[in-house]
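Please look through the sequence and the model that follow, and then read on for an account of confidence, aromatic rings and one serine.

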Amino acid sequence: MNSKYLWTALAALIFINGCNQEESSTLSTAVEPPKTDVELLNEQKWDDNRVYVTKDNYILMKEANGTIPGIMKPCFVVNSAKEWPREDLSNTDSYDLPRVDFRWNNGDFVSASASEKAIYESYDKVWSIKTDGTDLRLVTDDFSGDVRIMRRSPNNRYLAYSYASRTSGGTDKVVFDVQTQKSTLLGTDLGHSQFLWAEDSSYLYFEDRAKYWKYDIVSGKTTQMDDDFHFSEVGVIYGGKRYVVAGLGISVYNEATGRELYGVSVLPIELAERDYLNINHERKMKYVLKNRSISPDGKYAWGESAQYRYFINLETKEVKSEKIVRSEVGDYQYFEQLGLNANYVRDGAGGVIFLKLNEDKTVPKDKWMNWPQVCSGHSATLSWLYNGFANNGAFIKEDK
């Protein structure tokens, strides 16, 4: 090629490239994406220092009550549940601590003439949160009714729950798959609900029509259990053993054979079970456990009757008890969510009481914390611990 033409071509190429760079530079500085609604809201100064998550939902930071001043905890205001982040099994950050499922109707009471959205917000939904009060997630709103009980599978994927259905008129028993967002109806009746998951999450025991059933997760097959099969609404299967926390104590079964291994009663020594059956109702209610919990590995259990609280070591079969004094905090109070090795307890859903237990597994009177967990809606209840082995069972990140 003639050198004259070569230099001309090179000059043209340099000119075009320079123009492109100038155009690219101009575009990069001139075109800025508009700020989102959330960014604009968070630029404003709010008297309550709220931080918006979506345009209708925000978080308030409140100082927890207790013996350690200055600890701030989030309190959640959810006005649009469908915009709130859902629990995501692929998000490993959500599972670095134990978690708690609970029911919450995040909206206000409304009349039948209210808008469809307002009615939806006022209905029960299932939520979950870390034990330290962070990472609130919507688990499911795939139902219309009042939740009665919920139990999460050990692998965190499945939620078994029942609710008083507004459509069927009965109590629907459901398994919800967090991964696929699909619900499976197990049964509907007007009776009691109980669920107990297999240690490997492969099957579920549930109660329906006053019978016990076994549901296989993979095949979807449901099998009725024999009349001598036992489980309860509070229990766990761990280490090949089925722990059943019932009204008067705990029974432990070999899960493979169904044989009862041993039992631990909360009845006083002087009152044998046969004598208990013959005493009047008022005396019976002194001992029947109306509130109960169990640690994730079945090592410890707790119960509260009308007059007593009990803390049971299921390895040593030792039962510790205290008489309830309403004006005093007891040694075994606030054990609704009993952590691994009974090192931590957590109680409540709308408001939370949080305790790291003493070495003797009693409540420390000089070290406690409580905070409001939800700042909208009209009730939050039915807390149930899951993912209980995370962080070696410790309910806060710095303790392992």
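**Confidence, rings and a buried serine**

The chain has a mean pLDDT of 90 (the predictor's confidence in each residue, from 0 to 100), and 90% of its residues reach 70 or more. Over residues 1-28, however, the pLDDT is below 50, and this stretch has 1 contact (heavy atoms within 4.5 Å) in the model beyond near neighbours in sequence. This is a predicted model, in which local features need pLDDT of at least 70 and side-chain atom pairs count only at pLDDT 80 or more, while totals for chains, interfaces and linings use all residues. Residues are numbered from 1 along each chain as its sequence is written, and side-chain values use heavy atoms, with hydrogens and water left out.

A search of the whole structure finds 27 aromatic pairs (rings of Phe, Tyr and Trp, the last by its six-membered ring, with centres within 6.5 Å; planes under 30 degrees apart count as stacked, over 60 as edge-to-face and the rest as tilted). The pair Y287 and Y308 is stacked, because the ring centres lie 5.9 Å apart and the planes are at 0°. Ring pairs also link Y203, Y205, Y212, F229 and F231 into a cluster.

S165 lies in strand β9 (residues 158-165; strands are DSSP runs of E, at least two residues, numbered from the N terminus). At 8% relative accessibility S165 counts as buried (under 20% relative accessible area, 1.4 Å probe, protein chains only). Not counting residues up to four places away in sequence, S165 touches S144, G170 and D172.

Terms used: Helices (H or I, at least four residues) and strands (E, at least two) are DSSP runs, numbered from the N terminus. Buried means under 20% relative accessible area, exposed over 50%, partly exposed in between (1.4 Å probe, protein chains only).
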